[in-house]
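Me: Could you help me read this structure? I would like to go through it one question at a time.

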Amino acid sequence: MPTILIVDDSRFMRQWLRRIIQQQKAYTIIEASNGNAAVQLYKDNHPDLVLMDMIMPQMTGLVALQAIIDYDPKAKVMMCSSMGTKQHVREALHIGAKDFVVKPFFDALPNGFINFFITQVINFFH
C-alpha cells in the first residue's frame, strides 16, 4: 500500500487532506506538523509521496523540500499551499517539487481525480 506523508502546521488541514485522500483509496498516511518533522519522517519512512504546505513554523516547506531533495533526489513532493503565487510555484518546482496545488481547490476536483492524480505522480516518478 502506498504511503503518503502529509505536512502542514494546521491539524485541521492535515485531517482534511487525509479525509479527502482516504475517500478515494486506501493509503498509509503519516503526518508531520512542521518541516523538521517532515524531513525526519521522510528519512525514516521513505513515503511514496509527500504533500507539503509552504508556510510552517521551525522550517518552511521550501527549506524542508530542499532537505528532502538533497537526501533523496528522486523524492516525489507535491507542494500544497494557499500561497500559490507564481514565484512560490517556480521556486518549489526549481527545487524539485513534482507539482504545486493550491489547497482551497482540492474540494473542487472531480470525485476520483485525487486518487488518479496521486497514482499518476507515484507511478510516473517511480
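Me: Does α2 pass α3 in a right-handed or a left-handed crossing?

Reply: Happy to help, and do keep in mind that this is a predicted model. For a crossing, we ask which way the near helix is turned from the far one, and clockwise by less than a right angle counts as right-handed. For α2 passing α3, the crossing is right-handed.

Me: Are α2 and α3 roughly parallel or roughly antiparallel?

Reply: Start with the axes of α2 (residues 35-45) and α3 (residues 61-71), which come within 9 Å and cross at roughly 20 degrees. Angles under 35 degrees count as roughly parallel. So α2 is, relative to α3, roughly parallel.

Me: Which residues of α3 make the contact with α2, and how many residues in the contact are nonpolar?

Reply: On the α2 side you will find G35, A38, V39, Y42 and K43. Their partners on α3 are A64, A67, I68 and Y71. Sorted by class, the contact has one charged residue, one polar residue and, to finish your question, nonpolar residues numbering seven.

Me: What kind of aromatic pair do Y42 and Y71 form?

Reply: This is the one aromatic pair in the structure, and it links Y42 in α2 with Y71 in α3, 29 residues apart. The ring centres are 6.2 Å apart and the planes lie at 85 degrees. Planes over 60 degrees apart get a particular name, so the pair is edge-to-face.

Me: Is Y42 buried or exposed?

Reply: Its partner Y71 is partly exposed, at 38% relative accessible area. Y42 has a relative accessibility of 2%. The cut-off for burial is under 20%, so Y42 counts as buried.

Technical notes: Residues are numbered from 1 along each chain as its sequence is written. This is a predicted model: local features need pLDDT of at least 70, side-chain atom pairs count only at pLDDT 80 or more; totals for chains, interfaces and linings use all residues. Side-chain values use heavy atoms; hydrogens and water are left out. Axes are lines fitted to C-alpha atoms, for helices over the stretch in contact, and angles run from 0 to 180 degrees between N-to-C directions. Helices (H or I, at least four residues) and strands (E, at least two) are DSSP runs, numbered from the N terminus. Angles under 35 degrees count as roughly parallel, over 145 as roughly antiparallel, 65 to 115 as roughly perpendicular and the rest as oblique. Contact means heavy atoms within 4.5 Å. Ala, Val, Leu, Ile, Met, Phe, Trp, Tyr, Cys and Pro count as nonpolar, Asp, Glu, Lys and Arg as charged, and the others, Gly among them, as polar. Rings of Phe, Tyr and Trp (its six-membered ring) pair if their centres lie within 6.5 Å; planes under 30 degrees apart count as stacked, over 60 as edge-to-face and the rest as tilted. Buried means under 20% relative accessible area, exposed over 50%, partly exposed in between (1.4 Å probe, protein chains only).
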